[in-house]
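This report introduces a structure to a reader who has not met it before. Please look over the sequence and the model below before reading on.

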Amino acid sequence: MNTLIKLTNLKKVFATDEVETHALSEINLDIKQGEYVSISGPSGCGKSTLLSILGLLDTCSGGSFELNGHQVAGLDHKQRAYIRNKEIGFVFQSFNLISDLTVEENVTLPLTYRKDLSKAERKQMALAALEKVDMSHRAKHYPAQLSGGQQQRVAVARAIVGNPSIILADEPTGNLDSKNAELVMALLDKLHAEGTTICMVTHDPRGAKRAERIVEVFDGRIVGDTETHVAVA
Ligand code: ADP
Ligand code: MG
């Protein structure tokens with residue numbers, strides 16, 4: 001399988017006038033297309049920072065990040081936004097839906113940058129994504145009118161609407177009851193079975209159990225990288 005993500009000696013330093021936080025140091029990590037990777041480690045060890053960099057939401061302070069064979073550091077702001085919206089789907093613990101947009105408008109948002117798509121195509125893709133998470137009947141509702149589990153399903157629809165190569169999920173079940181957590185995990189399973197690469201930070205044993213590989217982070221460094229079982233071809 002192709003290597004989708006290649007991090008070499010990557011580091012991230014947050015610096016203020018008083019303190020320098022080495023959030024990530026000497027990170028070497030390859031993720032191949034189609035893998036299901038779980039990232040674990042104690043609070044504050046750098047998991048979200050790593051995911052934000054992988055999702056092009058933040059930049060690294062050193063080292064190299066290749067996405068699909070291209071150096072991310074060489075991209076300008078517009079190219080980053082384009083790739084982020086086309087290749088990467090992000091799911092957050094706190095859903096992060098925009099409260100004054102409807103469900104359908106939220107899901108259409110990542111397609112805004114896709115000048116290759118007509119308005120009708122965008123709408124069709126948004127409704128298809130909502131169909132996949134069984135939320136098309138709520139297309140005209142606002143996030144506040146939905147339960148947490150429903151909001152997270154809409155967030156998953158937003159993440160998959162552009163058919164991304166990779167889904168990055170940062171504790172996606174952290175704010176959900178067990179029934180909705182199971183639903184979201186099952187959705188990620190389905191996407192993985194369809195070929196989507198998944199990289200998920202989770203404390204949820206349901207998620208860790210499903211991953212094929214567990215990457216363990218401690219104090220900003222990778223201290224473990226274990227295959228849990230051989231993927232079914
Ligand atoms: P985790 O997700 O594993 O709990 P984070 O990636 O959120 O950990 O944080 C890693 C370290 O980087 C922590 O020490 C945190 O305080 C620090 N950090 C994260 N984001 C910022 C930021 N924007 N500015 C300064 N420090 C930050
Ligand atoms: Mg975090």
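At what angle do helix α5 and helix α6 pack, and how far apart are their axes? The model in which this is examined is a predicted one. Helix α5, residues 148-160, packs on helix α6, residues 178-193, at an angle of about 15 degrees, and the axes are 9 Å apart. Angles under 35 degrees count as roughly parallel, and α5 and α6 are therefore roughly parallel to each other. Their crossing is right-handed. On the α5 side, the contact involves Gly148, Gly149, Gln152, Arg153, Val156 and Ile160. These residues meet Asn180, Leu183, Val184, Leu187 and Leu191 of α6. By class, the contact of the two helices has 6 nonpolar, 4 polar and 1 charged residues.

**The sheet**

Strands of a sheet pair through backbone hydrogen bonds, either parallel or antiparallel. Here, 4 strands form an open sheet in the order β2-β1-β4-β5, with antiparallel pairing. The edge strands are β2 and β5 (70-71), each of which pairs on one side only. Helix α1 lies across β1, β2 and β4 (62-67) and runs at about 55 degrees to β2.

Two antiparallel strand pairs, one of them from this sheet, are set out below.

| Strand pair | Bridges | One bridge partnership |
|---|---|---|
| β1 (residues 3-15) and β2 | 9 bridges | threonine 3 with lysine 32 in β2 |
| β9 (residues 213-218) and β10 (residues 221-227) | 6 bridges | valine 217 with isoleucine 222 in β10 |

The strands β9 and β10 form a hairpin with 2 residues between them. In this hairpin, aspartate 219 takes a positive phi near 50 degrees.

**The surroundings of ligand 1**

Which residues surround ligand 1? The shell consists of Phe14, Thr21, Ala23, Gly41, Ser43, Gly44, Cys45, Gly46, Lys47, Ser48 and Thr49. By class, this shell has 3 nonpolar, 7 polar and 1 charged residues. Two elements, β2 (20-32) and α1 (47-54), each supply at least two residues of the shell. The largest share, 3 residues, comes from α1.

Two of the elements described above thus recur in this part of the model. Strand β2, an edge strand of the open sheet, contributes to the shell around ligand 1. Helix α1, which lies across β1, β2 and β4, also supplies residues to that shell.

Notes: Residues numbered from 1 in each chain as written. Chains lettered and ligands numbered in written order. Predicted model: local features only at pLDDT ≥ 70, side-chain atom pairs only at ≥ 80, totals over all residues. Near = placed C-beta within 6 Å. Nonpolar A, V, L, I, M, F, W, Y, C, P; charged D, E, K, R; others polar. Pairing = 2+ DSSP bridges. Contact = placed C-beta atoms within 7 Å. Axes fitted to C-alpha atoms, helices over the stretch in contact; angles between N-to-C directions. Parallel < 35°, antiparallel > 145°, perpendicular 65-115°, else oblique. Left-handed = near helix turned anticlockwise from the far one by under 90°.
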